[in-house]
Structure formats: structure tokens, C-alpha cells
Amino acid sequence: MDAETPLTLTDNAIDETVRRWLDDSKQRNERFVIGVAGIAASGKSTLAERLAKQANQIEPGVAAFIPMDGFHLRNDELIAKGWKPRKGAAFTYDAEAYIDLLRRYRALSQTGNYPLYCRDVHEPVLSDERVTVDTRIIVTEGQYLLCPVAPWSDLAEVLDACWWLDVSAETARQWLMKRDLSVGRTPEEAEAKYQRNDRLNTDMVLSARRTPDRVVRWPGVA
């Protein structure tokens, strides 16, 4: 299948892709770093976790999942700068730290922990998850992985490949509404949040992006 043809994310397609990564990673002198980009609520985390889990089921410990959300700026900094209502926008992340960490962990000699976003305290925290000597594949995900503006554009030299998860803005909006309602927001609050923040981020992501290495789609999803 050529890169221009969208890949439907069936179980077989995911398994075949991951097995190919595992084979290729054995021939490399660096870790393989794959990114999953897409708009908010398109299922980026779900896909990235699934890719890492599939690799680890085949070869335990071979893959680490490092999401971009672990590099949110802390809430006190967002509040001080007046950015808290826009949390999740490109400028509310420590992009340099995120990119530097991925660049460092490309080297097989580098091991250690990495931050994850904690939904309990709504802050990034240093996790117990580790990149180990057995890790050969790193999977990451985020809205801005294909952003053509610095510093995000530096990811072009850090990621070995970056997928674009193709989900329509309306479908992602419906999924986002459902997620917000599940955490206690009213329909009015969820819609207001979407209009003042998530819609703006979606428009930004869709307005300009680098060419992905592969377009992928969920089965049966528009």
C-alpha cells in the first residue's frame, strides 16, 4: 500500500504494521519513534496506546508510549499568563521539553522516566513508566505533531514517521461532547468549552500541517 492511500485501522493492519516496525527496529542503531497526529478527540491516544500494547504483546518491553499531554504547562503558570481557558492550545505546552525528550530517547543508550498527564490533579507528573534498555520503539501522539511552525516543526527531524488520524471535525466534536458530559459538564458547558477553545485548536490544526507519512482511519468512521 502506498503512502497516499489511507490505511484502515483493522486488527490485521495494525498487527502487520507493528510486526514490520519490530523487524525494522532490530536493524537500527537508534530507537524508532512514531507519532500519531490528529485533531482533538479523534482517538490519537487510543491508537497510540494500542500500537504500543500490540508491540509489547509480541515482544514484552519493546515499546514505550510517551503522550504529548505530559508536557502541558502547569496550571499556576497558565493562570499567571491568563492562558488557563485555552489549556490545550499549542502555546500551552512546553514544546521544547517534549521535543528534547524525544530526541534524547532516540539514542539506545538513553533510559529513564517521562511525564504523563494526571487526570486526578489535572497536571503533568513524573510517572513510573520508563524507557529501558529493551525499548526499541517509542510511540507518541498529539494535536501538533505535524504543525509547520517552530518549535513544533522540529519534530520533522525527530520522528521517524508521523501518521495523520483522519476523523472529520464534526465526528470529533461529537466524541468530545460525549467525553465532556461524562466528566460532569452540562451540554451548555461542553458546547461553550468547544467554541472558546477546542474549535479554535481544531481550526488551527486543520489550517496548516506538514505532509504525514501515512493517513489512517478508523473502520466505519467518517
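This is a short talk on the pockets, the cavities and one helix of a predicted model.

I'll begin with the open spaces. The largest pocket holds about 1,200 Å³ of space. Its lining is made up of 37 residues. If you want to find the middle of the largest pocket on the screen, look for Asp69, His72, Tyr117, Arg119 and Arg179, which lie nearest its centre. Several elements give two or more residues to that lining: helix 2, strand 4, strand 6, helix 5 and helix 6. To place them along the chain, helix 2 runs over 44-58 and strand 4 over 112-118. Strand 6 covers 137-142, helix 5 covers 169-182, and helix 6 covers 187-207.

Which element gives the most to this lining? Helix 6 does, with 5 residues. As for the kinds of residue around the largest pocket, 13 are charged, 12 are polar and 12 are nonpolar.

Now the second largest pocket. The space there is about 190 Å³, and 13 residues line it. Nearest the centre of the second largest pocket are Leu7, Thr17, Arg20, Trp163 and Arg214. The elements that supply two or more residues to its lining are helix 1 (11-25), strand 2 (32-37) and strand 7 (161-165). Helix 1 gives the most, with 5 residues. By class, this lining has 8 nonpolar residues, 4 charged and 1 polar.

Next, the closed spaces. How many cavities of 30 Å³ or more does the structure hold? There are 2.

The largest cavity has a volume of about 40 Å³. Its lining consists of Ala37, Gln143, Tyr144, Leu146, Cys147, Trp164, Met204, Val205, Ala208 and Arg209. Sorted by class, that is 8 nonpolar residues, 1 polar and 1 charged.

The second largest cavity also has about 40 Å³ of space. Around it you will find Ile39, Ala40, Ala169, Ala172, Arg173, Leu176, Tyr194, Asp198 and Thr202. Helix 5 and helix 6 are the elements that give two or more residues to this lining. Helix 5 gives the most here, with 4 residues. The lining of the second largest cavity divides into 6 nonpolar, 1 polar and 2 charged residues. Both of these helices came up earlier, since helix 5 and helix 6 are also among the elements that line the largest pocket.

Last, helix 2, which we met at the largest pocket. Helix 2 has 15 residues, and from its first C-alpha to its last it reaches 22 Å. That is close to the 21 Å expected at 1.5 Å a residue.

Which residues of helix 2 are buried? They are Lys44, Leu47, Ala48, Leu51, Ala52, Gln54 and Ala55. Looking down the axis of helix 2, these buried residues fall within an arc of 155°, so they line one face of the helix. On the other side of helix 2, Lys53 and Gln57 are exposed.

What covers the buried residues of helix 2? The cover includes helix 1, strand 2, strand 3, strand 6, strand 7 and strand 8. Two of those are new in this talk: strand 3 is 63-65 and strand 8 is 214-217. Others have been mentioned already: helix 1, strand 2 and strand 7 each give two or more residues to the lining of the second largest pocket, and strand 6 does so for the largest pocket.

That is where I'll stop.

Conventions. Residues numbered from 1 in each chain as written. Predicted model: local features only at pLDDT ≥ 70, side-chain atom pairs only at ≥ 80, totals over all residues. Heavy atoms only, no water. 1 Å grid on protein atoms, 1.4 Å probe; cavity = no way out; pocket = protein on both sides within 12 Å on 5 of 7 lines; lining within 4 Å. Points joined across faces, edges and corners; volume = space filled by probe spheres on them. Nonpolar A, V, L, I, M, F, W, Y, C, P; charged D, E, K, R; others polar. Expected span 1.5 Å × (residues − 1). Buried < 20%, exposed > 50% of the residue type's maximum accessible area, 1.4 Å probe, protein only. Arc of directions from axis to C-beta. Contact = heavy atoms within 4.5 Å.
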